[in-house]
Amino acid sequence: MIIERQQDVTVAAETVMQRTSDPRLREIMVSLVKHLHGFVRDVRLTEAEFREAAAIVAELGKLSTDTHNEVILMAGSLGVSSLVCLLNNGDQGNTETAQSLLGPFWRLHSPRVENGGCIVRSDTPGAPLFVSARVVDGAGNPIAGAEVGIWHASPDQAEMNLRGKFTSDADGRFGFRSVMMVGYPIPTDGVVGRLLQAQGRHPYRPAHLHALIFKPGFKVLISQVYDPADPHIDSDVQFGVTRALIGNFVRHDERHPTAPDVGSPWYSLDYVYRMEAGEAVLPRAPIK
């Protein structure tokens, strides 16, 4: 097609995309061209801005390595990661879900821990935390034998500290001891950091507890449970906090009834992880 006016560019590109043999790829590419061209017209993108945007895309790729994924970091900071998660879970975005973001720190081979055991492996600041949780299906029935990986952040920690792998019992229950989680800033020394600075945004994620639950016959559940007392609970830089993921962390100001080494204060969390039927496929870790 010979281009005679700017509108012809979109028509020509959409026509080519329609020739894509794979139906799903065709649907995606036609929509991409339609919305991308619409965006360019909407903001009246200048030539200088286009060159700068192309350079930023290239920089995102260069900054993504085995130990850092700037592309995923940007997707989260634009709300794309959270949107994709919610659209694909909870009855396709129509109901609440415990599904959430994977984050960069998941590891496949966390150390095995008996139910009720402790995942603190080095000196770690923070009040003791005792977690009691259940894994259930969509109807609330317990899921026994689910493999549950747990991890969370700490300012300084030894290898495999605050990590553990559990197995749910006949009632779908598992539990463990740790310390209260802390919030943390995402990396800001790249493209994402410049974006946050330009928008006057802070880089912090509120304190949260990660879980990845695997059981054949169910979609792998990737979840985060957030502490509502965190100062950034309503301004997560990665837009990951949903109402269903806010935990009830209860403070206790008396000594723990069964752990003689625990004074006050200490915290407890009871939480129910609800899995959806589906294919059990483990994710690929964002970084090595």
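**Notes on a sheet and two pockets**

1. Let's start with one residue pair: Val250 has Ser268, in β10, as its bridge partner. Keep in mind that this is a predicted model. Val250 and Ser268 sit in a wider pairing, as β9 and β10 (residues 266-274) run antiparallel and are joined by four bridges.

2. Stepping back, β9 and β10 belong to an open sheet of four strands, ordered β4-β1-β10-β9, and the pairing is mixed. At the edges you'll find β4 (173-179) and β9 (249-252), each paired on one side only. On average, neighbouring strands here are turned by 20° against each other, ignoring direction.

3. Now the largest pocket, which holds about 1300 Å³ of space. Its lining counts 50 residues, and those nearest the centre are Ile72, Leu102, Gly103, Pro104 and Pro286. The elements giving two or more residues to this lining are two helices, α4 (70-77) and α5 (80-87), plus two strands, β5 (184-185) and β8 (221-226). Of the elements, α5 gives the most, with three residues. By class, the lining of the largest pocket splits into 26 nonpolar, 17 polar and seven charged residues.

4. The second largest pocket has about 850 Å³ of space. Here 24 residues form the lining, with Leu36, Phe39, Val40, Leu45 and Ala53 nearest the centre. Who supplies this lining? At least two residues each come from α1 (6-17), α2 (23-43) and α3 (47-63), and α3 has the largest share, at nine residues. The class tally for the second largest pocket is 15 nonpolar, four polar and five charged.

Definitions and conventions: Residues are numbered from 1 along each chain as its sequence is written. This is a predicted model: local features need pLDDT of at least 70, side-chain atom pairs count only at pLDDT 80 or more; totals for chains, interfaces and linings use all residues. Side-chain values use heavy atoms; hydrogens and water are left out. Two strands pair if DSSP finds at least two bridges between them. Axes are lines fitted to C-alpha atoms, for helices over the stretch in contact, and angles run from 0 to 180 degrees between N-to-C directions. On a 1 Å grid over the protein atoms alone, a cavity is a set of points where a 1.4 Å probe fits but cannot get out, and a pocket is an open set with protein on both sides within 12 Å along at least five of seven lines; lining residues have an atom within 4 Å of a point. Grid points are joined across faces, edges and corners, and a volume is the space filled by probe spheres set on the points. Ala, Val, Leu, Ile, Met, Phe, Trp, Tyr, Cys and Pro count as nonpolar, Asp, Glu, Lys and Arg as charged, and the others, Gly among them, as polar.
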